[in-house]
Amino acid sequence: MTYKVLISDPLSPDGIQALLEASDVEVDQITGKTEAELSEIIGEYDALLVRSQTKVTRNLLSRAVRLKVIGRAGVGVDNIDLNAATEQGVIVINAPDGNTVSTAEHTFSMMMALARRIPQAYLSLKNGKWDRKSFVGVELSGKTLGIVGLGRIGTEVAKRAKAFNMNVLAYDPYLTREKAEKLGIAAVELTEVLTKADFITVHTPLTKETRHLIGKKEIRSMKDGVYLLNCARGGIIDEMALYEAIKEGKVAGAALDVFEEEPAIHHPLLELPQVIATPHLGASTVEAQENVAIDVSKEILKVLRNEPYKNSVNLPSIPPHLMKKLENYLQLSEKMGLFLAQVTKGAIKEVEIAYAGELGEEEMGPLTRSILKGLLSHHLEARVNYVNALYLAKQRGILIQEQKSESAGGFANLITVKVKTDSGEHLVAGTSLNGYGARFVKVDHYTVDLAPTGHLIYVRHFDKPGVIGRVGSLLGSRDVNIASMQVGRTDQGGNAIMLLTVDKAISDADAEALSTLPEIASVTRVDL
Ligand code: NAD
Ligand code: MLT
């Protein structure tokens, strides 16, 4: 199988070697195209690799009929419509680690340049002036640096600030006291960062919560003469509020690598002498560009080849240790979904999933997605996969309930899925048996022991002598070979079921003939 990969932004040639050398991949590097131009060709590709120039919009995605994965060579995925990708079942992966150091170094360079007014002095000298009075700076040593967002980059900035003898205050909702102590910094609330810092640098993603996180009110609460930095994403600091605060003299200076609208060529902030700026260069080093391209190329290959991958932005990734543990259960749970989809009549309203035994919270997420994938893929024409299964279920108004309990009634683990429709409910319970693999152990009210694979016939009947023989003879006379048979009943002479595994799928006529036998209540064909 050959996969087609489109690289639509310029990337490090060394970084994409893994893709170029892969024998099962054909790579096209077509950069600088408009959305309309990309829309014309995107339908041919299995994977799209971008930096930040390509805007992966809902519109573009609607034309990407083969697309399985979008790789972002970098951290921020704000140029990709994640909801649209998820709805379409397209995995989005990024390369979150490769440019951390470069961006932290860029931030630090900007802070030093800001403190010593290096860009302004450079420009003055280049313009023929030997001016030593206008560019008196401030030392970083002894000053307080406030960091908003102490993730990968924020942490690296903090380490460098410590080496420069700065006091570091950081705010991040996920910052633990232990991590702060280890770094020798203080974990504080946002207000404390704002009111106490001499330099404030933001390192959060741009989200609904962080858009204009630093606005008029926040700036008003800061020290007079504060310096602000944004090397994360344009829009975290409100640009108009910053402009006014610099004009008023409240803010002494700002260093910006990113802007709300990029490219930002004639931006009012750039007219202010207190503002130094770079055109989104945080990650623009040879090392970072190579690292992110290497990381994302490898990940794309794994997704295309159906191998375990990490760094998915729109799907919780399964760490390798968990993948090993889950392998059997993922298969089992998908088959349970698929089985229920085929035996259930009517629109599904509710899915109840009970996890019992050793399976923990960490495992439940992927297994639920897998059950829903099986359940929905039987009926939906749209592509259903792990990425969009949950979305598609919720979109159809299906209520999903998950429960977890310790006791699995003698099994190491037991997964029970009940599906409710307007016309009734069906249930299947399954486990993975050491040495035997996946097994259904309960179907509706009946205890069974069934390897969930191949062509099945699910017969509901009344427990009367001779029924099993009649079913066997009828199928034999129609040249259908029974490979295995499971029988279950609630009580003697009551309702009962037969689950037959047959060597080939039976025809409509075979099913019709079976259902007309005396004592047979219903016949359902199931393919697993
Ligand atoms: P990260 O995910 O490791 O860290 C982000 C941190 O922000 C997390 O710890 C998160 O808890 C914190 N956060 C989220 N919301 C917050 C809030 N409301 N208040 C405080 N903290 C909050 O990401 P990273 O790799 O460190 O990247 C940080 C930013 O830098 C991202 O926006 C990324 O896109 C940007 N970036 C820019 C460049 C560049 O070229 N300028 C390069 C790389 C990354
Ligand atoms: C990122 O999010 O990784 C950066 O903004 C760098 C880039 O766009 O390449």
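The exchange below goes through some salt bridges, buried residues and one sheet of this predicted model.

Me: What should I keep in mind about the numbering and the computed values?
Reply: Residues are numbered from 1 along each chain as its sequence is written, and chains are lettered from A and ligands numbered from 1 in the order in which they are written. In this predicted model local features need pLDDT of at least 70 and side-chain atom pairs count only at pLDDT 80 or more, while totals for chains, interfaces and linings use all residues, and side-chain values use heavy atoms, with hydrogens and water left out.

Me: Why is the contact of Asp78 with Arg233 called a salt bridge?
Reply: A salt bridge requires a side-chain nitrogen of Lys or Arg within 4 Å of a carboxyl oxygen of Asp or Glu, and the closest N and O atoms of Asp78 and Arg233 are 2.8 Å apart, so the pair qualifies. The two residues are 155 apart in the chain, Asp78 in the loop between β4 and α4 and Arg233 in the loop between β10 and α11.

Me: What makes Arg233 buried and Asp78 partly exposed?
Reply: Buried means under 20% relative accessible area, exposed means over 50%, and partly exposed lies in between (1.4 Å probe, protein chains only). Arg233, at 13%, therefore counts as buried, whereas Asp78, at 47%, is partly exposed.

Me: How do you know that Asp510 is buried while its partner Arg478 is partly exposed?
Reply: Asp510 has 8% relative accessibility and therefore counts as buried, while Arg478, at 33%, counts as partly exposed. Their salt bridge has its closest N and O atoms 2.6 Å apart, and the pair links helix α17, which holds Asp510, to the loop between α16 and β20, which holds Arg478.

Me: Why are β20 and β22 said to stand at the edges of their sheet?
Reply: The open sheet of 4 strands has the order β20-β21-β19-β22 with antiparallel pairing, and β20 (482-489) and β22 (520-527) each have a single partner strand, so one side of each is left without a neighbour in the sheet. Strands (E, at least two residues) and helices (H or I, at least four) are DSSP runs, numbered from the N terminus.

Me: What makes β19 and β21 a pair?
Reply: Two strands pair if DSSP finds at least two bridges between them, and β19 (residues 455-462) and β21 (residues 495-502) have 8 bridges in the antiparallel sense, so the definition is met. Within this pairing, Phe462 stands opposite Asn495 in β21.
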